[in-house]
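Colleague: I'm new to reading structures, and I'd like to look closely at a single part. Could you walk me through one strand and its partners, then show me how the rest fits around that?

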Amino acid sequence: MRFNHFNLNVSAEQIEQVKQFYCDLFGLVQGYRPNTSRPGYWLYAGEQPILHLNQIVDIDKTTAAGSHYSLDHMAFNLPNMADFVNKLTKLNVTYDKRIYADRPSQIFLYDPAGVKIEVQFEIE
C-alpha cells in the first residue's frame with residue numbers, strides 16, 4: 001500500500017485562500033482535475049495529485065460525516081526546519097515548534113480552514 005491523497009472540503013469563501021496556502025507553503029501546484037459535481041482543485045507534488053480541495057456550499061450539511069472536521073491532521077516530511085520556519089515567518093503563519101533529541105522534530109500549524117498540519121524534520 002502507498003499514500004494516494006488527502007481530500008479537504010472547504011467553504012466557497014475559503015477555497016481560494018486554502019489553495020494558495022498549500023501552494024505557497026509546500027510548493028504544490030494546481031493541475032488536472034476531472035469534471036465533478038462540485039468546484040475545486042487538485043494540487044500536485046510532482047506528478048502526484050496529493051491534495052484534493054472540494055468546495056462545499058453549506059458547511060453544516062457536511063459536518064456530520066465525511067467532512068474535514070473528522071480529520072485530525074495531515075503530516076508531511078521536509079528536509080530543512082530553518083528554511084521552513086523562515087517561510088512560515090515570511091507568510092505570517094502561526095506555528096508551534098517541538099524539538100526532540102531522540103526523534104524527528106515537529107512543527108504544528110493550521111491552514112486557513114482550520115485543518116491541523118504536522119511537519120516533521122529529521123534529527124539534525
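Modeller: Sure, let's start with β8, residues 116–121, which runs parallel to β5, residues 73–77, with 5 bridges joining the two. Before going on, a word on what you're looking at: this is a predicted model, where local features need pLDDT of at least 70, side-chain atom pairs count only at pLDDT 80 or more, and totals for chains, interfaces and linings use all residues. Residues are numbered from 1 along each chain as its sequence is written, and side-chain values use heavy atoms, with hydrogens and water left out.

Two strands count as paired if DSSP finds at least two bridges between them. Strands themselves are DSSP runs of E with at least two residues, helices are runs of H or I with at least four, and both are numbered from the N terminus. Within the β5 pairing, F76 stands opposite V119 of β8. β8 also pairs with β7, residues 105–110, this time in the antiparallel sense and over 6 bridges. There, E118 of β8 is the bridge partner of F108. β7 and β8 form a hairpin with 5 residues between the strands, and in it G114 takes a positive phi near 90°.

Now step back. The protein chain has 2 helices and 8 strands, and along the sequence they follow the pattern β-α-β-β-β-β-α-β-β-β.

Another part to look at is an open sheet of 4 strands with mixed pairing, in the order β1-β4-β3-β2. β1 (6–11) and β2 are at the edges with a single partner strand each, so one side of each has no neighbour in the sheet. From one strand to the next, the twist averages 35°. β2 and β3 are antiparallel, paired over 3 bridges, and Q30 stands opposite L43 in β3. Helix α1, residues 15–26, lies across β1, β2, β3 and β4 (48–56), and runs at about 5° to β3. That angle is between N-to-C directions, on a scale from 0 to 180 degrees, with axes as lines fitted to C-alpha atoms, for helices over the stretch in contact; contact means heavy atoms within 4.5 Å.

Finally, find P39 in the loop between β2 (29–31) and β3 (40–45). P39 touches I15, R33, L53, N54 and Q55, leaving out residues up to four places away in sequence. P39 is partly exposed, at 44% relative accessible area (buried is under 20%, exposed is over 50%, partly exposed is in between, using a 1.4 Å probe and protein chains only).
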